[in-house]
Amino acid sequence: MKKLTLLQAGVHLAGWIPLAQIILDYFARRLTANPIQAIEQRTGIQALTFLMFSLACTPLGSVLGWKELYLRRKALGNYGFMYAAIHLATFVGLDYGFDFETILRDTGTKWYIMIGLAAFLLLLPLAVTSFKYWMKRLGKNWKRLHRMVYVISPLVILHFLLSVKGDLTRLQGNLVQPILYGLIVGLMLVLRIPSIKNGLIGLRTRLLG
Ligand code: HEM
């Protein structure tokens, strides 16, 4: 049997603990006065956090020279998708009781829902093709397909910004959290630019030899 590395064990623990916490808090009635909204918010944050970590693996792996990070991208991305699916299921099942007519009516009037839906639909093919079978079958196209993260992550940040109760145009409401997430996602995307990435790798080799 293959030995589990510390990072690998950490990723899997981090993947399941928030879900266990949500279930425990639900049964202990610790999910605020509006438990459905609390589940939506917690799963949304988890989905974004895992996607962000998955996105960070490639640039940090090369800049820090920590090769194991490349191997953990997939699990992190899959946990992100798992929380996004629970997030969507909570919205459709618990929030709207599978009333698709009302969902369709509300979706048309709420931009943040449409943007969330677009992000989810774009995530679907990435999750489906995350298996080795598809990696081999798609070859170079697999990499191309997975470049969709450049579109998905900004969409999720926009979805987050617009879902915050308040007025985005007047910078009212709790915008600190989505802005912080946005800055980190932005930084991870900038670190992928070859000239910046190579510059930082050069700096590391000069400093550490
Ligand atoms: C059809 C797809 C989606 C629907 C219907 C949806 C629905 C919602 C709803 C209703 C909220 C507001 C909760 C509230 O504060 O009342 C929300 C917030 C959020 N969603 Fe989504 N969402 C979708 C896709 C996604 C995806 C794909 C992600 C991430 C990968 C995501 C991440 C978030 C985040 C981070 C928040 C903010 C949570 C907070 O306020 O703390 N959503 N979403």
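A residue is taken here as buried if 20 or more other C-beta atoms lie within 10 Å of its own, with C-beta atoms placed from the backbone. In this predicted model, the buried residues of helix 5 by that criterion are Ile115, Gly116, Ala119, Phe120, Leu123 and Leu126. Helix 5 itself comprises 18 residues, 111-128, and spans 26 Å from its first C-alpha to its last, which is close to the 26 Å expected at 1.5 Å a residue. The cover over its buried residues includes helix 3 (68-95), helix 7 (140-146) and helix 8 (149-163).

Helix 5 also takes part in the surroundings of the ligand, since helix 2 (35-64), helix 3, helix 5 and helix 8 each supply at least two residues of the shell. In total, 22 residues surround the ligand, and the closest of these are Gln41, Gly44, Ala47, Gly116 and Leu117; Gly116 is also listed among the buried residues of helix 5. Helix 2 makes the greatest contribution to the shell, with eight residues. When the shell is divided by class, 14 of its residues are nonpolar, seven are polar and one is charged.

The largest nonpolar core contains 27 residues, within which Phe50, Leu123 and Val156 have the most contacts. Two or more residues of this core come from each of helix 2, helix 3, helix 5, helix 8 and helix 9 (176-190), and the largest share, seven residues, is provided by helix 2. When residues up to four places away in sequence are not counted, Phe50 touches Leu76, Tyr79, Gly80 and Tyr83.

Note on methods: Residues are numbered from 1 along each chain as its sequence is written. This is a predicted model: local features need pLDDT of at least 70, side-chain atom pairs count only at pLDDT 80 or more; totals for chains, interfaces and linings use all residues. Helices (H or I, at least four residues) and strands (E, at least two) are DSSP runs, numbered from the N terminus. The expected span of a helix is 1.5 Å times one less than its number of residues. A residue is buried if 20 or more other C-beta atoms lie within 10 Å of its own, exposed if 12 or fewer, and partly exposed in between; C-beta atoms are placed from the backbone. Two residues are in contact if their C-beta atoms, placed from the backbone, lie within 7 Å. A residue is near a molecule or strand if its C-beta atom, placed from the backbone, lies within 6 Å of it. Ala, Val, Leu, Ile, Met, Phe, Trp, Tyr, Cys and Pro count as nonpolar, Asp, Glu, Lys and Arg as charged, and the others, Gly among them, as polar. A nonpolar core is a set of buried Ala, Val, Leu, Ile, Met, Phe, Trp, Tyr and Cys residues joined through C-beta atoms within 7 Å.
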